[in-house]
Each structure stands twice: as C-alpha cells, then as structure tokens.
Amino acid sequence: MYWQEEYETITRDKLEELQLQRLQQTLQRVYDKIPFYRQAFDAAGIQPGDVKSLADLQKVPFTVKQDLRDHYPFGLFTVPMDEVVRLHASSGTTGKPTVVGYTKKDINTWADLMARAIVMAGGSKKDVLQNAYGYGLFTGGIGVHYGAERMGATVVPISGGNTARQLMLMQDFGTSILTCTPSYALFLGEEIHNAGIDLQNLKLRVGIFGAEPWSERMREQLEAKLNITALDIYGLSEVIGPGVSMECPEKKGMHIFEDHFLAEIIDPETGKQLPYGQPGELVITSLTKEALPIIRYRTRDITVLNEDTCGCGRTFVRMQRVTGRTDDMLIIRGVNVFPSQIESVLLEFGDTEPHYLLVVDRKGSLDNLEIWVELNDKFFSDKIRALEDLENKIRGRILSVLGISARLKFVEPRTIPRSEGKAKRVIDKREL
Amino acid sequence: MKVKQISVFLENKSGRLAQVTRVLGEQNINIRALSIADTTDFGILRLIVNDPDSAYQALKEAGFTVSTTDVIAVEVGDEPGGLARIMEILQQRGINIEYLYAFLQKATNAALVVFRVELIDEAIDVLQKNNVNILGGNRVYTL
C-alpha cells in the first residue's frame, strides 16, 4: 500500500528530473533571499544557474548546525513571519536552541510524508495509533500526529511517559500501532510483562520507532516482547522532523523520500561525495521546503545508501540504520545531548575548565546519564550539605538546559583520564 | 581561640583513607582528632593535626582536594550532662552547630570536642562568658 503511489514508485529517471528542477528552484530561492547562502555561494564561486545537473550539487557549500545557531532565531527563514505557522526547537549549547520554521505548505508536506511512513508500515484508517513521542518543541510528537491524522488512523496523542496510563489505553482503546523511541517501547514491553497483561488481549501489531539509534538485536527483542513488526523511522528537525526516511516491512533500510530530500553520502574528513554502498556521512538538501530550505546539510549521521530495487515496489533509495555519528552527540532517552552543553552548565558553576566525564548506561531498557565531575577546591566544602546543594543545583540546570535528568557524581581531582589532544568526555556502555 | 581544621574530599572507594594517612605519616604529621561524614558517593574527612599548614601542603601535593576551616576546641566536663550544658549555651544564643566530633586525648580532665559553627566569633564569646574553656590552636596542636 502506498500513500502517494505516483511519487513513491516513480522511475529513477523521472525522479532525477524532478529533483533537478526542484533543486534549481531551491538554490535560487536561498540565494535570492538569504545573505548567508548568497555569501557562501559567492565565496565558493558558484551561482544557482551553474547547477545544471544533480552532480553539480557537489560544488555547492555545506550547511552545518552552527550556521542555524549563528542565525538564531529566524535568520535562515526565506519567508516573512506572516507565512510561518509553526516553530520547533531543539536544545542548544549556550541556552539558545536551534529553531526551525514551517509554512502551511511545509506542514502539509510533512503530514503527507509522515502519512507515507505510517502507510508504508502497514497502517490504515482502521488503526488506532498511540503516539508516545513527546509533544512540544520536539518535532517527534506533533510530526507523527499530523501524519496519522492525514492518513486517517485514530490518533491517541498520549505523548511520552505515564506508563500505567499508556498500558491502560493500549488495552482499552485497542491500540494497533505504537510510535515512540525504541528504548521506551522496550520499557513498555517489560511493563506489559510485569503487569501480567496477556499479549493476546492487545491488538498491537506495528511499532514505528526512531529519534535514537537502535539495533537488530533490539528489533528482535521488541518484536518478541510486544508481538509486533518493529520498523525504523528517521528524521531531524533541521531537515523537517520525523519522516525524512522510513523502513518498509522488507526491513532492509529506510526509504528516503527523495522527491523532497536529496541525499548524498560524503567522506566526513574530505567532504567528497562517496558512491552508493560506501559508509559515510549523510548530507541532505531539502527540495520543497519553503520557510527553512536547507542546502547540503551535514547530518553527522553515518549510514550507507542502497539503490537496489526494493521488494515493496518503492523506488526511493534506502539508508541503513544509522551506525554512528561524526561528532560527539549522544542520544539519551531520545534527547540529543552534546558534551559541550554539559560543559557550559559546569562552567556556570566554576571559573576554570571543568574536568568531567559522561557515563551513559542502559539499566533495564532506559538510558541513564551519570556526570562525573572532578571536585576542585572552588567547589569543595567541609559540609556535606553544601556539596549536596551544589549537586542539586547542577542537576537542576542540566534538567532545564537539556530536558533530561542526570546523576551527578563528584570524583577526586586527576581521576578522569586526560588524553593527548581531544579529551575523552564520554563512556557509552549501552549495548543497543 | 580558633583551631584550623583540614578537610579532605574522598571518593567512596577502597584505599583512599589509607592514602591520606600514609601521606600524613610520611610528613611526620600527627592526627589529634578526626571524623568522616559520608554519602553514598563520597566522604569528607575532617582532621585536627599537629601541623595544619604542612598537612594542607602535603595533601595538596598528593593531589587531594583539601580545604581549611576554622573550628573551636571546647573543653566539655567529662560527666553526665557535660555536653548538654554546652549545647544549651549555644542554643540560647541561636548558634547552629554544623557538626562536632571528639578528640582522641584529653588536655586536662575534661573531654575535648571540636565544634564547627557558622557564627564562630559569637560562639567563642558566649562560651567564654559562661566560663567554658576553649583551647586555642597552639594548645591543641601540641597536645
């Protein structure tokens, strides 16, 4: 089943023709409207009119997350704010988030892409879709919600957390599709088991899981624990949100919605394009976005593209599960965390370079973040209460900046290993 | 009338206390009184020693997080109600005690107790007015 068969099964020739036409329009749009892009293109010696084939895209400069931060909040929008009907944002390093905007047409496009994703997973109007992605500034919750309404499923907008209620509604409403992070799905699976709920009494059959990395091993666990088909979804707010690519039941990678997004794989060191089949960093150019088009955006996600024809009939290339990052970003309970964000919080409490280590572990199915901080003379007190107060203050700041709770552990000076050059800031013990 | 206390940050892992005492022993520093306060993750060792400046220096060089705090050493009658009397004096003046601990040996027939209070000068004042004996650093370090 397809949501937009005309596009989802388009021939590669026709697709490339469409992509080139849309690419040229997008390049012209950003060049005309955004000084940042005009300067970058001029500096690289390229004009939108020079891009005469998809291969010419390689001459166009990259965009990185920092560019969005530098133009906080609306500096890269190509439409007046009158036309912007929605904003989303993710947490930032210095308290300033990365902001993305949508026109009515963007919201419409996004809803169609998410509708494609849900239909691709086997969803239909008959389904009850329990959406346990977080609602709010995060794109996950509302992104899935609009797509589900678009394709006609019955949406249960429960958002994340409140596990007891999740289980109750899952039984009472006859939920058949679950959307959330894979780790939360695993947790729900365990709670279903602990509550003694018989899987036979649930109507659950499909899970659409994303916003954090997972593995084939987790897929097996999820499918066994929940008695479902577990599928991977990919997206990032800078590009649009969830619904950039979606896995079909063939389970051989996620189809990138290439009529809206042009995907490249590059060598993260040299920036050179790599052929299909080789692992590298995914770079995406939006082809139809209005409010915030994005050109050659470096996702920092490492994957492989596969152009073989898929058994499902879709012609879009597939990207493998994201296997890593080219930067130090961590995803903890679905939240993107950069060590530098934690460093900036620690800097607020002391005047010197903090020595710290992030230890990430998965207890049961939920991620735990422990922040080890070397306790220097400035922090130290002879009173336990003073140290515990400090601990709570830092935890509180981290919660407000990152939106996740962490455990803080003070350690003795010079006990966190120093390394030559780049400090090792993260120990990730999670086995996905 | 004040006594210098050394405080050392210790992670709750084996061998840390042994390391502190080894460093002090090597520098011929004698411990007069000590206490440890701890949480699940860490502890704070508080020490009164014969030579606080050398102790501070030695522990610092050994890589410990160390600080010094002024405390008072109070003679407490070694008899029932002895400590209660001191507490009452401080309480009446509204002086909160952060923590206290006892010395290992006595200077006289009375027991010797370390008091850590925020309002240290007021505490000294009120105790002296009530004829409580407070030992200064020089007396304490050379016990």
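How far apart are the mean positions of the 53 positive and 59 negative charges of chain A? They are 2 Å apart. The legends below describe a predicted model.

**Figure 1. Overall dimensions and burial of chain A in the predicted model.** Eleven helices and 22 strands make up the secondary structure of chain A. Along the principal axes, the C-alpha atoms of this chain occupy a box of roughly 70 × 60 × 45 Å. The radius of gyration of chain A is 22 Å, which agrees with the value near 22 Å for a compact globule of 432 residues. Of these 432 residues, 56% are buried. When contacts between residues at least 6 apart in sequence are considered, 65% of those in chain A link residues at least 24 apart. The exposed area of chain A is about 18300 Å², with 49% supplied by carbon and sulfur atoms.

**Figure 2. Overall dimensions and burial of chain B.** Chain B contains five helices and seven strands, arranged along the sequence in the pattern β-α-β-β-α-β-α-β-β-α-β-α. Its radius of gyration of 16 Å is close to the 15 Å given by the globule rule for 143 residues, so chain B is as compact as a globular protein of that length. The C-alpha atoms of chain B fill a box of roughly 45 × 35 × 25 Å along the principal axes. Buried residues account for 49% of the 143 residues of chain B. Among its contacts between residues at least 6 apart in sequence, 72% bring together residues at least 24 apart. Chain B has an accessible surface of about 6900 Å², and carbon and sulfur atoms contribute 44% of that surface. The mean positions of the 14 positive and 17 negative charges of chain B lie 2 Å apart.

**Figure 3. The salt bridge between A:Asp382 and B:Arg116.** The closest N and O atoms of this pair are 2.6 Å apart. A:Asp382 is placed in the loop between strand S20 (366-374) and helix H11 (384-402) of chain A, and B:Arg116 in strand S6 (residues 111-117) of chain B, so the salt bridge joins two chains. Both A:Asp382 and B:Arg116 are buried.

**Figure 4. The salt bridge between A:Lys225 and A:Glu190.** Across all chains, the structure holds 38 salt bridges. In the one shown here, the N to O distance is 3.6 Å. A:Lys225 belongs to helix H9 (residues 216-226) of chain A and A:Glu190 to helix H8 (residues 182-194) of chain A, so the pair ties together parts that are 35 residues apart in sequence. A:Lys225 counts as partly exposed because its relative accessibility is 32%. A:Glu190 is likewise partly exposed, at 22% relative accessibility.

**Figure 5. Helix H4 of chain B and its surroundings.** Within this helix (residues 120-129), B:Asp125 and B:Lys129 lie four residues apart, about one turn of the helix. An α-helix has 3.6 residues a turn, so residues three or four places apart point the same way. The side chains of B:Asp125 and B:Lys129 form a salt bridge with an N to O distance of 3.2 Å. B:Asp125 is partly exposed at 27% relative accessibility, whereas B:Lys129 is exposed, with a relative accessible area of 61%. The buried residues in H4(B) are B:Ile120, B:Ala123, B:Ile124, B:Val126 and B:Leu127. These buried residues pack against strand S4 (66-76), helix H3 (82-92), S6 and strand S7 (134-135) of chain B. Just after H4(B), B:Asn131 adopts a positive phi of about 60 degrees.

**Figure 6. Buried residues of helix H10 (residues 339-349) of chain A.** Which residues of this helix are buried? They are A:Pro339, A:Gln341, A:Ile342, A:Ser344, A:Val345, A:Leu346 and A:Phe349. The elements that cover them include strand S18 (335-337), strand S19 (356-363), S20, H11 and strand S22 (426-428) of chain A.

**Figure 7. The loop position of A:Asp82 in chain A.** A:Asp82 lies between helix H4 (65-70) and strand S1 (84-90) of chain A. At 74% relative accessibility, A:Asp82 counts as exposed. The C-alpha atoms of A:Asp82 and A:Thr103 are separated by 9.1 Å, while the two residues are 21 residues apart along the chain.

Note on methods:
Residues are numbered from 1 along each chain as its sequence is written. Chains are lettered from A and ligands numbered from 1 in the order in which they are written. This is a predicted model: local features need pLDDT of at least 70, side-chain atom pairs count only at pLDDT 80 or more; totals for chains, interfaces and linings use all residues. Side-chain values use heavy atoms; hydrogens and water are left out. The radius of gyration is taken over C-alpha atoms; the globule rule is 2.2 Å times the number of residues to the power 0.38. Buried means under 20% relative accessible area, exposed over 50%, partly exposed in between (1.4 Å probe, protein chains only). Contact means heavy atoms within 4.5 Å. Accessible areas come from the Shrake-Rupley method with a 1.4 Å probe; for residues, only the protein chains shown count as cover. Lys and Arg count as positive and Asp and Glu as negative; His and the chain ends are not counted. The place of a charge is taken as NZ of Lys, CZ of Arg, CG of Asp or CD of Glu. A salt bridge is a side-chain nitrogen of Lys or Arg within 4 Å of a carboxyl oxygen of Asp or Glu.
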